[in-house]
Structure formats: C-alpha cells, structure tokens
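Student: I've got this one open and want to check the vocabulary against it. Can we go through it together?

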Amino acid sequence: MSDCCPGSKTMDFSEKTDQGDSETGKRPSQLRQWPIQLHLVSPQAPYYQEKDVMLVADCVPFALGDFHKDFLKGKSLAIACPKLDSEQEIYVEKIKSLIDDAKINTLTVQIMQVPCCSGLVQVAKAGADKATRKIPLKQVVVGLEGDILSEDWI
Amino acid sequence: MLSDIQSREIKEVIETCPEVGNILEEYGIGCVPCSVGSCYLSDVVGIHNLDPQTEATLMYRIEKAMYPDRDIPEPKVDLTKKVAPKEINYSPAVRNLVEEHVLIKRMLALIPAITDYVDSSDGVDKELIMGCVDFIRGYADKFHHMKEEDILFKYVDELGEIIQVMYKDHDTGRNHVRQAVEGAESGNKAQIREHLFGYKELLTQHIKKEDEILYPWIDRQLTDKQVGELFQKCSAADASVGEELPRRYEKFIIDLEEKFLKEVSK
C-alpha cells in the first residue's frame with residue numbers, strides 16, 4: 001500500500017507505546033446490545049429508544065484501551081467504516097430515523113485521527129440535518145496510539 | 001496551611017490582604033468588584049479551570065501574600081512546558097444562551113446614545129424608554145434569564161454561592177429597570193441615565209462572567225445524558241414562546257441601531 005494515505009500508512013509503535021501496568025482480573029464488557037454494525041441495526045430496536053448513542057468508527061475500540069469503561073458504559077452503539085463501507089446513504093437515513101423515530105437523546109461520533117474517518121462525522125451531520133428533531137452532536141477524535149485528541153460538541 | 005485560606009470567603013480574604021485581589025486580577029479572576037464576595041477562595045480558583053501549574057503558582061502567591069513569614073515551598077513549575085490556550089466548546093443549549101447574549105450586548109451598546117438623546121431632548125421620549133424596557137424584560141429577562149433560572153441552574157448546586165451571585169445580578173438588574181421606568185414616568189432624565197447605565201455596567205460584567213466562567217464550569221459538570229436533556233428542555237422553552245418573539249426583538253434592536261448609530265456617526 002502507498003504511504004501517501006495517512007489512513008493506510010504503515011506505522012509501528014510497538015516500542016514507543018507505553019504498555020502500562022500489567023493488569024490482573026477480568027474487565028467486564030459494557031456492551032448491552034446486538035447487533036452493532038450500522039447496516040445491521042434497526043433504529044426501532046429497544047436499546048436505542050431515547051438513549052445516548054455512540055456512532056463509532058470500526059478502528060476506534062482497538063486503539064482506545066479504555067473504550068468500554070470511558071465511553072461505551074451507559075450508551076448504545078453503532079459502528080461503521082466511512083472509508084470501506086458501501087451504501088452509506090442508508091447510514092444517513094438510519095441516523096435520521098434514530099433521531100426522529102427512536103428519539104435518541106444525544107449522538108457521539110467517535111473517529112480516528114486519519115482524514116478518511118471524518119467521513120463518519122459527515123454521515124452523522126447529514127442524518128441530523130435531514131431529521132426534524134434536533135439533538136446535541138459530539139465529535140471525539142482518537143489518536144493512533146489511543147489518546148483523545150479532541151472532544152467537542154459540534 | 002493552604003487549606004485554611006481555601007475555605008475562607010473571597011471578600012474576607014481580599015479585605016484582610018488587598019494584594020490577593022491584585023494577584024487574582026493578574027490571573028483574570030475579577031473578584032475585587034464583586035458586591036457579594038461570599039464564594040470560597042477554592043471555588044473561585046476552581047471555577048476558572050486553570051491548568052495545574054498555573055493554579056499551583058497562583059495559590060503559592062496568595063499564601064505568600066497573606067503569610068509572608070510562612071515557610072512555603074515554591075511549586076515546581078516547568079516553564080518549558082507550554083499550555084495550549086483553552087478554546088471554549090459550549091454544549092449546544094449553552095451555546096444558544098451565549099448567542100442570545102450577543103443581542104443583549106447590542107442593546108447595552110446603544111444605551112449611551114439613547115441616554116444622550118434623552119438628555120438633549122425637550123421632554124422624555126417615554127415610548128423609546130419603554131421600548132428598551134420591553135426588550136430587557138421580554139427578551140433579556142423572560143426569554144433568556146428564565147431559561148437560566150428555571151432550567152440551566154437546576155443542573156448545579158443552586159444554593160451554591162456562585163449561582164446565588166447570578167441570581168443577585170438578575171434581581172439587581174430588575175431593580176435598575178424598575179427605577180428607569182419610574183424615571184420615564186416622572187420625566188426624571190437623571191434617574192433614567194443612572195439606572196440604564198447601572199443596568200449596562202451590571203449586565204456587561206454579568207455576561208462576561210457567564211460566557212467565560214460560569215457556563216464552561218457548568219458544561220464541565222454535565223454528563224452527555226444531561227446535555228441532551230438540557231437541550232430538549234431549552235428547545236421546549238423556546239418553542240413555548242414561538243419563533244416570532246426573538247425575531248421581533250432582533251428587529252427592535254436593528255431599528256434602534258439604524259436610528260442611534262447613524263446619529264452617532266453624523
């Protein structure tokens with residue numbers, strides 16, 4: 001693959017990354033639903049009704065060590081990849097339906113710092129613009145090594 | 001011990017040691033002119049969300065000013081570590097409140113020209129003053145301040161001193177407006193000037209405190225769930241008065257600006 005695209009550029013931070021203290025014991029999953037992929041989920045599902053929803057780029061939970069504890073806990077989830085997924089117009093309609101029909105409370109879009117990931121924010125904004133209801137929309141950008149680069153209401 | 005200062009009321013601290021007021025001013029913490037001053041020093045500093053290095057230095061300087069003979073270790077500050085300026089990112093409902101401040105500030109900016117006009121006229125243009133009072137009561141107070149009092153402030157400790165200061169500002173503002181109305185009714189130009197200017201000065205500081213300190217402080221405490229609830233409650237409050245009300249008041253300000261700013265530029 002070409003090194004030109006930051007989204008697919010090969011990088012190795014196995015030595016640089018702080019591994020942290022060794023952990024013992026099990027950390028429980030905070031996932032409270034299935035399915036989670038945006039093509040597969042239904043806005044009519046009970047776990048979306050009036051909830052705070054996370055729309056998360058596929059790569060985020062792998063980069064973010066404490067994704068379950070710090071972000072997923074207490075939230076409902078949908079995941080997608082704005083670069084590789086097809087038929088994203090369906091995504092826009094699903095976001096609209098989540099806002100208008102499921103009457104979700106907030107939508108947090110969590111993406112990686114790579115440029116192609118911002119497409120997921122555009123999908124969320126397009127769905128929110130088409131919706132009749134208005135809700136707060138937040139963008140969280142995650143660095144390649146799992147740090148939070150920004151967290152803003154947009 | 002630093003803790004003995006932190007739990008003292010700011011007015012008392014500044015009265016005991018005026019230098020503390022100067023130090024706070026240097027850090028953009030304007031407690032000196034506050035008429036209430038009953039906030040604890042720890043809350044006053046905490047609400048400004050300073051970075052840890054700045055806060056440690058500030059507290060060291062305050063303690064040293066109050067107790068020059070005390071042996072206080074200087075905080076280790078890494079001057080090479082630059083702290084990025086914080087950009088305020090309001091939650092959507094709070095952002096709308098900040099945007100409403102803009103129209104109120106446009107009214108405040110017109111007050112000098114309006115009072116000059118009243119002073120130079122033969123009689124008192126009662127309709128003009130009552131129009132301004134209607135804007136202040138209908139837009140600034142009923143439409144805007146009520147959303148703060150009935151909705152936003154419920155998300156924090158309403159009995160806390162910081163919120164009580166905001167309530168007191170609202171009440172003082174209402175009193176200035178009552179006095180300006182009395183002046184308009186009795187034809188007392190000095191009374192109109194005194195209280196419209198009093199309102200201008202009060203609200204200018206009040207809005208600055210809210211935009212820069214109070215609103216970001218409240219936002220930092222809100223969960224996403226609360227941000228969503230707050231947004232829906234404020235939207236419902238806006239819907240209950242209709243879209244026409246803010247538009248009508250914006251037109252009122254535009255008309256005043258056309259009249260008085262043209263007068264000023266002549």
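Tutor: Sure. Keep in mind it's a predicted model. Its largest nonpolar core has 59 residues, and A:Leu55, A:Leu120 and A:Ala124 have the most contacts inside it.

Student: What makes A:Leu55 a residue of this nonpolar core?

Tutor: Membership takes a buried residue of a listed nonpolar type, joined to others through C-beta atoms within 7 Å. A:Leu55 belongs to the core, and the residues it touches include A:Leu120 and A:Ala124, leaving aside those up to four places away in sequence.

Student: Which strand gives the most to the core?

Tutor: Strand S1 (residues 52-57) of chain A, with five residues. Chain B takes part too: domain 1 (2-66) and domain 2 (92-265) each supply at least three. There's also a second, separate core of 22 residues, with B:Ile104 and B:Tyr139 among them.

Student: How do you know that the buried residues of H3(B) lie on the same side?

Tutor: Helix H3 (residues 18-26) of chain B buries B:Val20, B:Gly21 and B:Leu24. They cover an arc of only 105 degrees around the axis, so they sit on the same side. Those buried residues pack against helix H2 (10-16) and helix H5 (52-66) of chain B.

Student: What makes B:Pro18 and B:Glu26 "exposed"?

Tutor: The cut-off is 12 or fewer other C-beta atoms within 10 Å. B:Pro18 and B:Glu26 are classed as exposed, on the other side of H3(B).

Student: And where does chain B touch chain A?

Tutor: 11 residues of chain B contact nine of chain A. Helix H10 (residues 224-241) of chain B provides the largest share of chain B's side, seven residues.

Methods: Residues are numbered from 1 along each chain as its sequence is written. Chains are lettered from A and ligands numbered from 1 in the order in which they are written. This is a predicted model: local features need pLDDT of at least 70, side-chain atom pairs count only at pLDDT 80 or more; totals for chains, interfaces and linings use all residues. Two residues are in contact if their C-beta atoms, placed from the backbone, lie within 7 Å. Helices (H or I, at least four residues) and strands (E, at least two) are DSSP runs, numbered from the N terminus. A residue is buried if 20 or more other C-beta atoms lie within 10 Å of its own, exposed if 12 or fewer, and partly exposed in between; C-beta atoms are placed from the backbone. The arc is that of the directions from the helix axis to the C-beta atoms. Domain bounds come from an automatic or database domain assignment.
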